[in-house]
Amino acid sequence: MEPVAGIGAGFAQAILGIADLLKGTSAPGLVALVLFGATGGMMLAAQILFWRACSYPKDLTYVLKREQRPITRALVTGLHIPLPKRNYGPVSARQMRVWTAFCEEFLYISDASGRAASPIDPALALSREALGLRLGIWRIVPGTLVGIGLVLTFLGLIAALREAGVSITASGSDPDMVKKALSDLLTIASAKFIMSLAGLTGSIVFGVFLKSWEVRLETIATALSDEVRSRLDVVTPERTLQQLLASSQRLEGLLRTAKI
């Protein structure tokens with residue numbers, strides 16, 4: 001048991017050593033500054049990644065709106081040519097594959113217009129999930145910020161309690177010294193909660209930022225699917241079945257009318 005106890009004591013001393021780093025009165029302010037800086041940096045990085053991820057769907061929507069005509073075989077064949085020359089990135093490469101696979105399912109009506117028909121609803125084929133417009137790992141950031149703030153606060157409280165214990169022991173039976181030690185403990189402990197407050201504030205700000213981007217990504221995907229749906233005929237199995245049922249009901253009505 002002694003080796004196990006030694007390992008436990010060493011681990012406890014390591015934690016106490018980390019806690020001692022937060023013993024100073026300036027530590028909470030520095031930690032809060034680092035948390036706010038990290039939150040701002042992650043927001044900037046997420047902004048850039050989200051912007052790159054939605055570039056291709058936005059460009060595709062713009063091209064479709066600019067064409068102002070139904071989707072035909074010729075339009076689909078040359079649709080990638082007028083897209084802006086961007087460095088789209090890996091997410092956009094997947095979006096291109098999704099769009100190409102969707103176009104391969106088109107059926108082309110052999111009339112003058114050559115308007116395409118799709119057996120798949122664009123709202124499903126070009127949804128936010130299908131296009132890879134997800135928040136991804138950024139979802140865990142708000143909770144992580146809160147957790148970091150709480151952990152650092154408890155470490156700071158541990159350091160404050162240890163320091164107060166040393167002060168009370170050194171003061172002996174002097175009530176004034178004991179009172180001063182307890183007053184210092186409360187002052188230091190209250191300052192440690194600044195770290196929790198910083199983590200909570202960063203979590204709220206980043207959460208609002210993510211929610212705004214989630215709404216924006218959904219809007220971009222919806223705009224693309226709506227634009228595509230307006231320029232082709234959607235012939236899903238459900239819609240075909242509804243049309244067959246409607247035709248059957250009309251035929252039954254005509255037969256009943258003929259018998260009368």
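These legends go with a set of close-up views of one predicted model.

**View 1. The whole chain, as a predicted model with 9 helices and 3 strands.**
Before zooming in, here is the overall layout. Going along the sequence, the elements come in the order α-α-α-α-α-β-β-α-α-α-β-α. The chain has 260 residues, and 34% of them count as buried. Confidence first: the mean pLDDT over the chain is 79, and 77% of the residues score at least 70. Among the elements, helix α2 (residues 27-53) has the highest mean pLDDT, at 91. At the other end of that ranking sits helix α9 (residues 237-259), whose mean of 59 is the lowest.

**View 2. Helix α2, with 27 residues.**
From the first C-alpha of α2 to the last, the helix reaches 38 Å, close to the 39 Å expected at 1.5 Å a residue. Which residues of α2 are buried? They are A27, P28, V31, A32, L35, T39, A46, F50 and A53. Two of these names, F50 and A53, come back in the pocket view, where they are among the residues closest to the pocket centre.

**View 3. The largest pocket, holding about 200 Å³ of space.**
The lining is made up of 16 residues, and the closest to the centre are L49, F50, R52, A53 and V91. Two elements, α2 and α5, each give two or more residues to this lining. Which of the elements gives the largest share? That would be α2, with 4 residues.

**View 4. Helix α5 (residues 90-104), a helix with a buried face.**
With 15 residues, α5 reaches 21 Å between its first and last C-alpha atoms, close to the 21 Å expected at 1.5 Å a residue. S92, Q95, V98, W99, F102 and C103 are its buried residues. Looking down the axis of α5, the buried residues fall within an arc of 130°, so they line one face of the helix. Turn to the other side of α5 and you find P90, R97 and E104, which are exposed.

**View 5. C54 and C103, two buried cysteines.**
C54 has a relative accessible area of 0%, so it counts as buried under the 20% cut-off. C103, one of the buried residues of α5, comes out at 8%, so it is also under that cut-off. How many disulfides does the model have? The count comes to 0. For that count, a disulfide is a pair of cysteine sulfur atoms within 2.5 Å.

**View 6. Helix α3 (residues 55-67) and the residue that follows.**
The 13 residues of α3 should span 18 Å at 1.5 Å a residue, and the end C-alpha atoms are 18 Å apart, which agrees. Buried in α3 are S55, Y56, P57, D59, L60, T61, V63 and L64. Just after the helix comes Q68, and its phi is positive, near 55°.

**View 7. R69, in the loop between α3 and α4.**
Is R69 buried, partly exposed or exposed? With a relative accessible area of 35%, R69 is partly exposed. A residue from a distant stretch of the sequence also belongs in this view: R231 is 162 residues away along the chain, yet the C-alpha atoms of R69 and R231 are separated by 6.9 Å.

**View 8. L75, in helix α4 (residues 73-77).**
L75 has a relative accessible area of 4% and is buried. Its partner here is L64, 11 residues apart from L75 along the chain, with 9.2 Å between the two C-alpha atoms. L64 is itself one of the buried residues of α3, so both residues of this pair are under the 20% cut-off.

**View 9. D121, in the loop between β2 (116-118) and α6 (122-125).**
At a relative accessible area of 24%, D121 is partly exposed. The other residue in this view is F102, which is buried in α5. Along the chain, D121 and F102 are 19 residues apart, and their C-alpha atoms are separated by 9.7 Å.

Terms used:
Residues numbered from 1 in each chain as written. Predicted model: local features only at pLDDT ≥ 70, side-chain atom pairs only at ≥ 80, totals over all residues. Heavy atoms only, no water. Expected span 1.5 Å × (residues − 1). Buried < 20%, exposed > 50% of the residue type's maximum accessible area, 1.4 Å probe, protein only. Arc of directions from axis to C-beta. pLDDT = per-residue confidence, 0-100. 1 Å grid on protein atoms, 1.4 Å probe; cavity = no way out; pocket = protein on both sides within 12 Å on 5 of 7 lines; lining within 4 Å. Points joined across faces, edges and corners; volume = space filled by probe spheres on them.
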